Amino acid sequence: MTTHTTHVSLPIRGMTCASCVNHIQQALKAIKGVTDVTVNLATEMASVNFDPSITSPKLMAQVIEASGYEVFAQSQSISIGGMTCASCVNHVEKALATIPGVLSANVNLATHTANISTSTGQIPITSLQEVITNAGYTLISPPAKEESPDQNKPEPQEDNTQLLLKRAILSGSFGVFVMLVTMNVLPGFSSLTQHTRHIGLFFITSFGLLLAGRPIFMAAWKAAIHYSLNMNSLIAVGTLSAFGYSAFATFLPTFFQAKGIPVAVYYDTSLIIIALILFGRYLEARAKKETSSSIHSLMRLQPKMARVRRENDDKDTLIERIQTGELIVIRPGEQIPVDGEITEGHALVNEAMLTGESLPIEKGPGSTVYTGTINLSGSFLFTASSIGADTVLARIVHLVQEAQGSKPPIQRFADYVASIFVPAVMGIATLAFILWWGFGPEPALTYAILTFVAVLIIACPCALGLATPTAIMVGTGRGAEQGILIRQGEALEMAHQIDTIVFDKTGTLTSGVATVTDVIAPGGNQRELIRLAASLERGSEHPFAQAIIKYAIQESLELGESQDFKNTPGQGVTGTVTGKSVIVGNSKFMTTHLGPTSVERISDSIRQLSQESKTPLLVAINGNIEGCIGIADTIRRESKTVIQELQKAGLEVIMLTGDHRQVAEAIASTLGISQVLADILPDQKKSAILKLQQQGQKRVAMVGDGINDAPALAQADLGMAIGTGTDVAMETAQITLMSGNLHGVTRALQLSRATMRTIYQNLFWAFAYNIALIPIAAGILYPVFHEIGGVPQGLEWIFGEYGFLQPIMAATAMALSSVSVVANSLRLRNISLA
């Protein structure tokens, strides 16, 4: 048997030597289905030949990442038309996965988008068009990435939503008319014979089905010619079965009369089923539009015009024509059109739309202003620094859209069920038809048709496909309104599983602004001690260094130049100032350079500062410790309250810091934290998180500033960055808290729990609905009704005279099931986040 193989090239980061190459080669060769592997260190590429029926590039990427390396993947988003249910999602994902270079494809039914991860750059539109068209769907060209959020773009589904309503009304009107004629209650038709009425109804129904149901039948036909089944397939087969049975009874009534079976037609059933399905889709589309209201609110924040100063003349200019470096004039009450830095003037700016914080921020020269925020008072000039897709607002919109299009792990099970759902339902319906026709009481054919149609119509993979993405869309949108940026749906699922949360101290639990509180120089000159220390620290960017320099400037000290400057991260600095050898650092650093007894002279001062939650920095001049400087970083006002709330929620709270243990424990004691990881250098934070994860399989969240803590944020099960949501913070952490307020941590966890609770409810309803109602549609209640002597009074409109679920009621239940899932997700918009 000939084995079909294909080729993929995977760009890999993290390889440094031949050993890395061999490690990756062996890992890839161990995958079943891989026939040949070549890894090139120089090009950082792995070339793999494999059998696509056995393995996939996605699995290879997972194996490489599990080996400690990174597959450099690029993302691409496209919009897809024609999807109606979870089965469609599964079919499109499988089709996209066949494109060479595609590592994974996540298709979202709620947004009708696909996020494609590729190893070969952007997939050509022609290739995507061919694959998607061959699968029976339509590719809608993706928006250009250079575009900024545009509040003036029409809603892409607005026309389609209204068309659904028009088609539903049309089909419903035809259905009601046909039903009244069938019941022989319309004046002018009662004089006609039954056969004549049935012939007329055949043509009227045919016309109505073609007008209103054409999109459903066309979608089902496309799926059929591509050897797949979806929701439209079930509806089309169900309605056409009822129509076909009616047509048979219309043109061959003698077949029924010969067997003593009443000649009954179900033309009205076909039309009303289509009407109910379309109306349900209309309600669903309206509700789904509401799930993305938060993102549209963000997109509407950018004004269309800005006042630009050119050659001392202020002109109103379209946003699209603004260039970086231009001067923008802002007056009171105006929205800021692009990101930039204030060069002149002062103002109070409301940034609540980005950060979730209601208090306005004072801005002056050197301050950064952001697109969409509102100037409450004062006028100012600022220089445009970021425009279009580079603004913080545009990046927030992009991140939220990515999160809304992502899939959490919980969706995988629903996707699997959806992949087999439609064929299984078709099988159940066929089995029910055979059993009732072959073994059921008379009129057996009528019973068989009723059960066949009801099973096909009532089955609802739509609810399965919408259960997770609609909740993710509303949850991430609600988070964005509160200044909580969630990069992917997986973060929401992980957040509610967290049992341990680690806070970096500096800049997270504390304000991050270090200040000099004490200068101790036993028997020496305090001013000279500070002058020499500050002169040396001019070569360092550490916050403690900046605090010492700021203090020296405030004391009007003249700083000198340093030579032979050397920085040891997390410990101290050395160098020469005006001919004197100077060392500034912690006790450990001094012991390393000057010996274990060197710090005894000021050990009492060190102990006293540590007890006061201050960091002692020792200063040595010409080989002798001459004193120390006490530095403190003030604790955030909300830190203690947030920690108490997390502990009440059952989370283990840990503080991580590079400070000396005495200082760290003093601060931790103030905050009510019992576990402290102290003396942790920046390059040790990642391993500290890893050790925690290995202790009893803990689920660890890391909260840091997103810059110095980037490796630890990446290592943690959940990384949460405190900051303004720029640069590394937005790229590294899975959740970014825009406001910088620690209450965002508890809000993010509350939002996660609420979102996951909604997803569980949606999935339960979707599964329970199908598990309970498909058997009822198959006629499981018929023996019960037969035993008690017929359908109870008041239930005839649901089960009819025979005791079978009426197809029209099945259509109503199916339409309501998906709408109820979306409506349940929309409740997240009103969740209160403390």
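**Why the words fit: cavities and helix pairs**

Guide: The lining of the second largest cavity divides into 6 nonpolar, 2 polar and 2 charged residues. This is a predicted model, in which local features need pLDDT of at least 70 and side-chain atom pairs count only at pLDDT 80 or more, while totals for chains, interfaces and linings use all residues. Residues are numbered from 1 along each chain as its sequence is written, and side-chain values use heavy atoms, without hydrogens and water.

Visitor: What makes a lining residue nonpolar, polar or charged?

Guide: Ala, Val, Leu, Ile, Met, Phe, Trp, Tyr, Cys and Pro count as nonpolar; Asp, Glu, Lys and Arg as charged; the others, Gly among them, as polar. The lining includes Met231, Gly280 and Arg281. Therefore Met231 counts as nonpolar, Gly280 as polar and Arg281 as charged.

Visitor: Why is this space called a cavity?

Guide: Because a 1.4 Å probe fits at its points, on a 1 Å grid over the protein atoms alone, but cannot get out. Its volume is about 50 Å³, meaning the space filled by probe spheres set on the points, which are joined across faces, edges and corners. The structure holds 4 cavities of 30 Å³ or more.

Visitor: What makes Ile277 a lining residue?

Guide: Ile277 is on the lining list, so one of its atoms lies within 4 Å of a cavity point. Helices α7 (231–251), α9 (267–291) and α30 (807–826) each give two or more residues to this lining. The largest share, 4 residues, comes from α9.

Visitor: Why is α22 called roughly parallel to α27?

Guide: The axes of α22 (residues 639–648) and α27 (residues 743–777) come within 8 Å and cross at roughly 25°. Angles under 35 degrees count as roughly parallel, over 145 as roughly antiparallel, 65 to 115 as roughly perpendicular, and the rest as oblique. So α22 is roughly parallel to α27. The contact of α22 with α27 has 4 nonpolar, 3 polar and 1 charged residues.

Visitor: How do you know that α22 and α27 meet?

Guide: Thr641, Val642, Glu645 and Leu646 in α22 meet His743, Val745, Thr746 and Leu749 in α27. Contact means heavy atoms within 4.5 Å.

Visitor: What makes α21 and α23 roughly parallel?

Guide: Helix α21 (residues 603–611) and helix α23 (residues 661–671) have axes that cross at roughly 25°. That makes α21 roughly parallel to α23. Arg607, Ser610 and Gln611 in α21 meet Gln662, Val663 and Ala666 in α23.

Visitor: Where does pLDDT stay under 50?

Guide: Over residues 143–148, among others. pLDDT is the predictor's confidence in each residue, from 0 to 100. The chain averages 82, and 93% of the residues score at least 70.

Note on methods
Axes fitted to C-alpha atoms, helices over the stretch in contact; angles between N-to-C directions. 1 Å grid on protein atoms, 1.4 Å probe; cavity = no way out; pocket = protein on both sides within 12 Å on 5 of 7 lines; lining within 4 Å.
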